[in-house]
Structures are given as C-alpha cells and as structure tokens.
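Biologist: I would like to go through the labels attached to this structure one by one. For each label, please tell me which value lies behind it and which cut-off it is set against.

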Amino acid sequence: MTNKEKMFDAYNQHLNIVRGLNITNRTDEYICPICLQGFCKDDIDQLSLEDAPQNALGGKKIALTCRKCNSTCGHTIDSHLVNSIIFYENKKFLTGSERKIRIPELDINGILKVKNNNEKELLIPKNYFKSSIHSECLKTLVAGKEIGIQDKSQIVKFHYVTAAVIKSAYIILFNKTGYTFLLDEYYNAIRKYIVAPETITRPKGMWKIIKISNCSDGVYLSNSKKCRGFCIIYTVSKIQSYKIITYIPSPLVKFEDAIISFQNLKIGNDLLLQKLDSQSLLVNADEIKSLREWTYSDK
C-alpha cells in the first residue's frame with residue numbers, strides 16, 4: 001500500500017467518525033481540504049501528496065489535495081514565498097548563498113558565491129571566453145577592484161507570499177484536526193485566498209515571523225477572547241531557518257477584529273497558547289467531539 005493510499009484510508013476513517021457525530025452529511029470517501037471537492041478510492045489518481053511547508057523550504061508530505069489545487073498553488077503562490085526568502089538572504093550575503101548576477105558595466109552574467117569569512121567568488125560561464133569582446137572585459141576584473149552587480153530579479157508579490165504562508169498553516173491544521181471543523185463555510189475565505197489571492201484581501205495580517213526559540217512547531221489553541229482560535233507554528237529553511245506563526249480564527253470570532261487583535265498581541269505574554277499535542281485527534285470520537293465543542297464555544 002502506498003503512502004497516498006494509507007493517508008486516504010486514514011482520513012476516510014476519520015470522515016466516517018465525523019459523519020457519525022453529525023458534523024457533516026457528505027458521503028464522500030475523501031474531501032480535498034482546499035477546494036472541498038469529494039473523491040472516492042477509485043479517484044485516488046486525481047489526488048496528490050501535499051507538502052507543508054513546501055519541499056523547497058524543508059517541508060514534508062502531510063496531506064492529500066486534489067491535483068488541480070496542488071498544481072495551482074505550486075505555480076501561483078509557493079514560488080513567491082521561496083523567492084522572498086532567497087531575496088532576503090541574498091541581500092545579507094549569507095555564507096553559503098549562491099545566485100545569478102549581472103555586471104552591467106562589463107555586460108557579463110555570472111554566478112556569485114559567498115564563502116567563509118565573507119569571501120566572494122565570481123564564476124563566469126565558459127562561453128564568455130569565446131567572445132573577444134567579453135574576453136577583453138574579463139581582463140579588467142582584478143582582485144580588489146570594486147564592481148557593481150545586479151541580482152537576477154526575483155518575482156515576489158507579497159499577497160502571494162501571504163497566501164503560501166497561510167496555505168501551509170491551513171494544511172498543517174488539517175493534518176492535525178481533519179474535518180472536525182474545517183468544513184465550516186466560515187473558512188471559505190481562507191480557501192479562496194489560497195487558490196486566488198488576488199481576489200480577496202481578508203486574510204491580511206494573519207501571520208508573523210517570531211524569534212521565540214522555546215516554541216516548538218505544531219498547532220496551538222488560543223484561548224484569548226480577542227483572538228480565539230488556532231495558532232500554527234512551523235519552520236521554513238533555506239540557508240537560515242525562520243519560525244512562522246499563523247493565526248486561524250475559530251468560527252464564532254469576527255474575522256477582521258480577530259486579525260487586528262492578533263497583530264497587536266505578543267506571543268507568550270498577551271497570547272497564551274496551549275499545544276494541541278494529542279496523537280489521536282483523527283480517530284478518537286470523544287476527542288473530536290471535545291475539540292469541536294471548544295472550537296464553537298467562547299468559554
């Protein structure tokens with residue numbers, strides 16, 4: 001049995017429990033957590049394993065989404081998050097970084113590597129040596145001489161970065177809690193933003209980078225009256241690692257007010273979190289029922 005089949009069967013079992021608790025009357029064997037399209041076991045080829053965060057940032061395959069959602073997100077939003085981190089790290093000239101650059105005054109392209117002790121190495125493609133013009137230009141490159149460089153442009157749209165961050169958090173939340181409450185239409189705005197971020201501005205302000213080292217990755221419950229809901233903490237890595245916290249409100253909270261409150265609260269002081277560390281949330285009916293009751297309560 002493949003990993004995809006094992007994951008399908010696990011969430012199908014969870015969905016049966018959810019139906020038994022009258023949380024949903026849908027009869028599908030599996031529901032894509034992003035578009036909510038239903039699938040049966042015979043349709044498993046239409047599903048794909050989903051990384052959260054994306055593989056390029058150190059993520060793992062933790063859920064199943066339909067191929068359309070997986071492909072759409074991969075092409076439209078995930079690359080913007082990766083590019084934003086690459087852009088940030090390039091600007092800091094971090095040891096181990098490597099990128100394509102251009103030297104305008106010499107009309108030469110190359111690769112710039114940052115080595116230990118901030119030593120920089122410029123690599124010029126071999127084909128430049130075949131051109132007499134470029135060969136003459138290369139002779140002007142001598143040790144110690146300052147030259148101006150231009151980084152290869154990175155396409156970064158901030159609302160696409162936000163959509164990628166929220167998508168990873170949403171998938172991590174689904175991996176932990178399944179269909180216990182995420183089928184609620186309250187979360188349609190988040191799902192729509194993930195696949196079409198240019199159409200909606202509502203989730204703005206739902207995440208931030210944190211520097212708290214003692215907060216382990218995972219799903220946390222926020223009991224704050226101002227921003228009750230779920231805080232998902234996860235790490236993305238290129239040369240350096242960055243810990244991100246994303247807030248997803250519970251359905252009884254007014255979305256916009258909760259997001260404003262989240263932005264103004266300090267993690268660990270104003271925003272007290274309880275980690276959701278149970279390993280049986282998908283298979284234990286009592287735990288599913290208890291989490292759902294907490295989600296729809298203001299106590």
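Biologist: Which residue lies over the face of Phe-93, and at what distance from the ring centre?

Modeller: This is a predicted model, and in it Arg-99 lies over the face of Phe-93, at 4.4 Å from the ring centre. The distance limit for a charge over a ring is 6 Å, so the 4.4 Å of Arg-99 satisfies that part of the rule. Another example is Lys-208, whose charged end sits over the ring of Phe-262, 4.8 Å from the centre.

Biologist: What does Asn-90 touch, once residues up to four places away in sequence are not counted?

Modeller: Asn-90, which has its place in helix 2, touches Ser-97, Arg-99 and Asp-151.

Biologist: Why is Asn-90 called buried?

Modeller: Its relative accessibility is 6%, and since buried means under 20%, Asn-90 falls in that class.

Biologist: What makes Arg-26 and Asp-28 a salt bridge?

Modeller: The closest N and O atoms of Arg-26 and Asp-28 are 2.8 Å apart, and because the rule asks for a side-chain nitrogen within 4 Å of a carboxyl oxygen, the pair qualifies as a salt bridge. Side chains of opposite charge can pair when their charged atoms come close. By this rule the count comes to 7 salt bridges.

Biologist: Why are Arg-26 and Asp-28 each called partly exposed?

Modeller: Arg-26 has a relative accessible area of 25% and Asp-28 has 22%; the class between buried and exposed begins where under 20% ends and stops at 50%, so both residues are placed in it.

Biologist: How do you know that Lys-167 meets Asp-78 in a salt bridge, and where in the chain do the two residues lie?

Modeller: The N to O distance is 2.9 Å, which is within the 4 Å that the rule allows. Lys-167 is in helix 4 and Asp-78 in helix 2 (residues 67-91), so that the pair, 89 residues apart, links distant parts of the chain. Both are buried by the 20% limit, because Lys-167 has a relative accessible area of 0% and Asp-78 one of 11%.

Biologist: Which residues are linked with Lys-167 in a network of salt bridges?

Modeller: The network links Glu-50, Asp-78 and Lys-167, and the side chains of Glu-50 and Lys-167 meet at 3.0 Å, N to O. Here too the pair links distant parts of the chain, with Glu-50 in strand 3 (residues 47-52) and Lys-167 in helix 4 (residues 158-177), 117 residues apart.

Biologist: How many aromatic pairs are there, and why is the pair of Tyr-11 and Phe-174 called stacked?

Modeller: The count comes to 13 aromatic pairs. For Tyr-11 and Phe-174, the ring centres are 4.8 Å apart and the planes stand at 10°; centres within 6.5 Å make a pair and planes under 30 degrees apart count as stacked, so the label follows. Tyr-11 belongs to helix 1 (residues 3-20) and Phe-174 to helix 4, 163 residues apart.

Biologist: Are Tyr-11 and Phe-174 buried or exposed?

Modeller: Tyr-11 is buried, at 3% relative accessible area, and Phe-174 is buried too, at 1%.

Biologist: What makes Phe-158 and Trp-207 a stacked pair?

Modeller: Their rings are 6.3 Å apart, centre to centre, with 25° between the planes, and these values are within 6.5 Å and under 30 degrees. Phe-158, with a relative accessible area of 56%, is exposed, whereas Trp-207, at 15%, counts as buried.

How values were computed: Residues numbered from 1 in each chain as written. Predicted model: local features only at pLDDT ≥ 70, side-chain atom pairs only at ≥ 80, totals over all residues. Heavy atoms only, no water. Buried < 20%, exposed > 50% of the residue type's maximum accessible area, 1.4 Å probe, protein only. Helix = DSSP H or I, 4+ residues; strand = E, 2+ residues; numbered from the N terminus. Contact = heavy atoms within 4.5 Å. Phe/Tyr/Trp six-rings, centres within 6.5 Å; stacked < 30°, edge-to-face > 60°. Lys NZ or Arg CZ within 6 Å of the ring centre and 35° of its normal.
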